[in-house]
Amino acid sequence: MRLSKKITSVALATVIAAASLGEPAAQAASAKIPVSTYFMSTSEWLSEGNVKKTVTFKTGKKVNVTLTIKKGKKECKGVNVFCVDTKGILKKFKKVKYSNIVVKADGKKVSGVKTQQGYFEKKEGTNSWRLSFFNKWGSQGDNTKSNGTSKKYAFKKKLTVSMTIVAK
């Protein structure tokens, strides 16, 4: 009888110990991703990817990002392309969302900002989630060329865009 109680106790202790180990808690994914602007003005000042910051994203955590585009050789009278790109972020995360988007031209808030966000370059395999304001040549789902807002982004010294980005 004593032997069977001891065997039962040892077996029960083994089961409890094994159950307490279980699966380790899932750790939040973390990745350093470049966040950059793609900007080309109507006055032919090309600044593709001219502003780039490397940002550390953690699953479900909000990240506030501000990018500033400075004036080139000429005054910017409007845009042909204005996008913010998180190149490669979809390799590490399944969902990305931009929110709290504010654009300022020479320090004044641009009103009536329309945007579209998504994975617009699937054919190229960029794994980029993009925030598009205006893209005259938009394709693969980016229809911001119909926004009609290119002149809203005119500036003399600088254009800033601030946003919150969450990746899950």
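## Report on a predicted β-rich chain

Among contacts in the protein chain between residues at least 6 apart in sequence, 70% join residues at least 24 apart. The model is predicted. Its secondary structure comes to 1 helix and 9 strands. Read along the sequence, the helix comes before the strands, in the pattern α-β-β-β-β-β-β-β-β-β. The protein chain has 168 residues, and buried ones make up 39% of them. Its accessible surface is about 10600 Å². Carbon and sulfur atoms account for 53% of that surface.

**Nonpolar core**

The largest nonpolar core has 35 residues. Phe-57, Phe-82, Val-84, Ile-89 and Leu-159 have the most contacts inside it. Seven strands each supply at least two residues of this core: E1 (30-41), E2 (46-58), E3 (62-70), E4 (79-86), E5 (96-105), E8 (129-135) and E9 (158-167). The largest share, 5 residues, comes from E9.

Take Phe-57 as a close-up. Not counting residues up to four places away in sequence, Phe-57 touches Ala-29, Ser-30, Ala-31, Ile-33, Val-35, Val-63, Thr-86, Ile-89, Phe-93, Ile-165 and Ala-167. One of these, Ile-89, is itself among the core residues with the most contacts.

**Sheet**

Strands of a sheet pair through backbone hydrogen bonds, either parallel or antiparallel. Here 4 strands form an open sheet in the order E3-E9-E5-E6, and the pairing is antiparallel. The edge strands are E3 and E6 (108-109), each of which pairs on one side only. E3 and E9 are joined by 9 bridges. Within that pairing, Val-65 stands opposite Met-163 in E9.

**Charged network**

Side chains of opposite charge can pair when their charged atoms come close. The structure holds 2 salt bridges. Arg-130 takes part in one with Asp-85 and in another with Glu-121. Asp-85, Glu-121 and Arg-130 are thus linked in a network of salt bridges.

| Salt bridge | Closest N and O atoms |
|---|---|
| Arg-130 with Asp-85 | 3.4 Å |
| Glu-121 with Arg-130 | 3.3 Å |

The pair of Arg-130 and Asp-85 links distant parts of the chain. Arg-130 is in strand E8 and Asp-85 in strand E4, 45 residues apart.

Which of these residues are buried? Asp-85 is, with a relative accessible area of 2%. Arg-130 counts as buried because its relative accessibility is 10%, under the 20% cut-off. Glu-121 is partly exposed, with a relative accessible area of 23%.

**A buried loop serine**

Ser-128 lies in the loop between strand E7 (116-118) and E8. At 4% relative accessibility, Ser-128 counts as buried. What covers it? Leaving aside neighbours within four places in sequence, Ser-128 is in contact with Asp-85, Thr-86, Lys-87, Gly-88, Leu-90, Gly-118 and Tyr-119. Asp-85 therefore appears twice in this picture: as a contact of Ser-128 and as a salt-bridge partner of Arg-130. Thr-86 also recurs, as it touches Phe-57.

**Cysteines**

A disulfide is a covalent bond between the sulfur atoms of two cysteines. The structure holds 0 disulfides. Cys-76 is buried, with a relative accessible area of 1%. Cys-83 counts as buried too, at 1% relative accessibility.

Conventions. Residues numbered from 1 in each chain as written. Predicted model: local features only at pLDDT ≥ 70, side-chain atom pairs only at ≥ 80, totals over all residues. Heavy atoms only, no water. Core = buried A, V, L, I, M, F, W, Y, C linked by side-chain atoms within 4.5 Å. Buried < 20%, exposed > 50% of the residue type's maximum accessible area, 1.4 Å probe, protein only. Contact = heavy atoms within 4.5 Å. Pairing = 2+ DSSP bridges. Salt bridge = Lys/Arg side-chain N within 4 Å of Asp/Glu carboxyl O. Disulfide = S-S within 2.5 Å. Areas by Shrake-Rupley, 256 points an atom, 1.4 Å probe, with all protein chains shown as cover.
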